[in-house]
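This note is offered to a first-year reader who wishes to look through a structure point by point. Please keep the sequence and the model in view while reading.

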Amino acid sequence: KFGEDGEIKEADLANGVPDGFMGLDCGPKSIERNAAAIAKSKTIVWNGPMGVFEMAAFEKGTKAMMDKIVEVTKAGVVTVIGGGDTATACKKYDTEDKVTHCSTGGGASLELLEGKV
């Protein structure tokens, strides 16, 4: 059942997503790997949440990534959040002013990358 009250199982690369289930969020290993990649980055362009962040049961990956991106932004990393769903995650977590650039439109993000903004 798709919803916060449905049964939740973890999956891994070796076994995949169990039959009858959907991949709706990152697991702990993916969250850890994403955080390590973010920590090494000098520029981050993020377009697309990690899971169905609108539901608390499936927001761990998106929230963890947002927290890490805010952390590295404070350290001087350029962070660009582009796209409606990811910008909505910024709004949900009140981080719109804690990243370098946040836009609901892909065009504005492209202009930033082109140096027009």
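1. How much space lies in the largest pocket? The model examined here is a predicted one, and in it the largest pocket holds about 740 Å³ of space. The lining of this pocket is made up of 28 residues, and those closest to its centre are Lys9, Glu10, Ala11, Asp25 and Gly27.

2. Which helix gives the most to the lining of the largest pocket? That is helix 1, formed by residues 28-40, which supplies four residues. By residue class, the lining comprises 13 nonpolar, nine charged and six polar residues.

3. The cysteines deserve a separate remark. A disulfide is a covalent bond between the sulfur atoms of two cysteines. The count of disulfides in this model is zero. Cysteine 90 takes part in none, and the nearest cysteine sulfur, which belongs to cysteine 102, is 3.7 Å away. Why is there no bond between cysteine 102 and cysteine 90? Their sulfurs are 3.7 Å apart and therefore too far for a bond, since a disulfide requires the sulfur atoms to be within 2.5 Å.

4. Are these cysteines buried or exposed? Cysteine 90 is buried, its relative accessible area being 0%. Cysteine 102, by contrast, has 27% relative accessibility and is classed as partly exposed.

5. A last point concerns aromatic rings. The count of aromatic pairs is zero. Where does lysine 63 lie with respect to tyrosine 93? Lysine 63 is placed over the face of the tyrosine 93 ring, at 5.3 Å from the ring centre.

Methods:
Residues numbered from 1 in each chain as written. Predicted model: local features only at pLDDT ≥ 70, side-chain atom pairs only at ≥ 80, totals over all residues. Heavy atoms only, no water. Buried < 20%, exposed > 50% of the residue type's maximum accessible area, 1.4 Å probe, protein only. 1 Å grid on protein atoms, 1.4 Å probe; cavity = no way out; pocket = protein on both sides within 12 Å on 5 of 7 lines; lining within 4 Å. Points joined across faces, edges and corners; volume = space filled by probe spheres on them. Helix = DSSP H or I, 4+ residues; strand = E, 2+ residues; numbered from the N terminus. Nonpolar A, V, L, I, M, F, W, Y, C, P; charged D, E, K, R; others polar. Phe/Tyr/Trp six-rings, centres within 6.5 Å; stacked < 30°, edge-to-face > 60°. Lys NZ or Arg CZ within 6 Å of the ring centre and 35° of its normal.
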